[in-house]
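Student: Before we discuss any assignment, could you show me the model and then take me through the reasoning behind each label?

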Amino acid sequence: MFKTGNAFIDAFSKGIVLLPLVPAGIIFLRKIYRHTILNFLMILCLLNFSESLGLLLPGLTPENHFAIKNIFFLLEAVALVRIMGSGPGGIPLKNALNSFLVALVSVFLTYFTLEGFDRSSIELDTARHAITLLLVLPALVLLLLGDSLYIFRLPLFWIAAGTAFYFSTLLLVEWTGHHHPVLPAPANAGEIVLIDIAGLVRYFLYALAALNYQPGQTDRQDHPAFPKESDQPRD
């Protein structure tokens with residue numbers, strides 16, 4: 001958990017921890033979790049909440065924080081690949097994302113097995129956040145290239161936009177900041193507020209994804225970025 005020494009900012013940061021429960025709750029209450037993208041969005045939000053809750057546990061060492069971050073990064077990558085693989089680009093993009101995920105998990109598991117899950121550095125954090133951006137940008141670009149207002153009705157658009165905005169902000173803070181963003185120690189208040197606002201925007205967009213979805217709607221429906229079923233290669 002970020003700490004600045006400012007009571008208001010620290011309280012706001014603690015409140016941000018609860019935000020992932022908002023889109024997850026909307027999905028659950030609307031009973032739209034049977035839709036693949038929203039099902040994995042709910043899983044992603046619960047993973048984010050569990051990670052933040054784990055970082056609040058008393059008595060954790062910096063090494064414990066690093067381990068929690070590294071473990072949840074791999075779990076969240078799996079959820080994001082499942083979400084983005086259901087979007088535009090069809091089977092080729094889905095296969096590419098699955099192959100990328102297998103390579104990613106293999107590399108990181110090998111690294112953490114050799115070095116330990118409690119390893120961290122600015123370079124590793126930057127790599128994690130850049131990889132997350134790489135997972136969502138292809139689907140987001142394909143949606144925008146579709147040149148249709150229909151994208152604003154697609155859950156995938158809001159998920160990709162929220163994720164891209166949040167992790168772009170983290171990268172910006174890492175490139176311009178001078179503190180390690182996962183250490184539970186006093187940090188620059190301006191940077192922490194920026195990260196918290198980015199988190200607020202992220203989960204607001206996730207909530208829009210859940211609210212805009214209409215039962216029976218499919219992400220491929222009448223959208224030029226999504227190939228028709230007849231265009232899909234068959235086994």
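Tutor: Let us start with accessibility: buried means under 20% relative accessible area, exposed over 50% and partly exposed in between, with a 1.4 Å probe and protein chains only. This is a predicted model, in which local features need pLDDT of at least 70 and side-chain atom pairs count only at pLDDT 80 or more, whereas totals for chains, interfaces and linings use all residues. Residues are numbered from 1 along each chain as its sequence is written, and side-chain values use heavy atoms, with hydrogens and water left out.

Student: Why is Trp 158 called buried, and why does Phe 152 count as partly exposed?
Tutor: Trp 158 has 14% relative accessibility, which is under 20%, so Trp 158 counts as buried. Phe 152, at 38%, lies between 20% and 50% and therefore counts as partly exposed.

Student: What makes Phe 152 and Trp 158 an aromatic pair, and why is the pair called tilted?
Tutor: Rings of Phe, Tyr and Trp (its six-membered ring) pair if their centres lie within 6.5 Å, and planes under 30 degrees apart count as stacked, over 60 as edge-to-face and the rest as tilted. The centres of Phe 152 and Trp 158 are 6.0 Å apart, so they pair, and the 45° between their planes makes the pair tilted.

Student: Why are Tyr 111 and Phe 112 called edge-to-face?
Tutor: Their ring centres are 5.4 Å apart and their planes stand at 65°, which is over 60, so the pair is edge-to-face. Tyr 111 is partly exposed at 36% relative accessibility, whereas Phe 112 is buried at 1%. Both belong to one aromatic cluster with Phe 73 and Phe 108, and a search of the whole structure finds 9 aromatic pairs.

Student: How do you know that Glu 51 and Lys 69 form a salt bridge?
Tutor: A salt bridge is a side-chain nitrogen of Lys or Arg within 4 Å of a carboxyl oxygen of Asp or Glu. The closest N and O atoms of Glu 51 and Lys 69 are 3.5 Å apart, so the pair qualifies. The pair links distant parts of the chain, with Glu 51 in helix H3 and Lys 69 in helix H4, 18 residues apart; helices here are DSSP runs (H or I, at least four residues), numbered from the N terminus. Glu 51 is itself buried, with a relative accessible area of 9%.

Student: What makes Arg 128 and Asp 125 a salt bridge, and how far apart in helix H6 are they?
Tutor: The N to O distance is 2.8 Å, which is within 4 Å, so this pair also qualifies, and the structure holds 2 salt bridges. Being 3 residues apart in helix H6, Arg 128 and Asp 125 are separated by about one helical turn. Arg 128 is buried at 3% relative accessibility, and Asp 125 is buried at 0%.

Student: How do you know that the span of H5 agrees with its number of residues?
Tutor: The expected span of a helix is 1.5 Å times one less than its number of residues. For the 26 residues of H5 this gives 38 Å, and its end C-alpha atoms are 37 Å apart, which agrees. The buried residues of H5 include Leu 101, Phe 108 and Phe 112, and what covers the buried residues includes H4 and H6.

Notes
Helices (H or I, at least four residues) and strands (E, at least two) are DSSP runs, numbered from the N terminus. Contact means heavy atoms within 4.5 Å.
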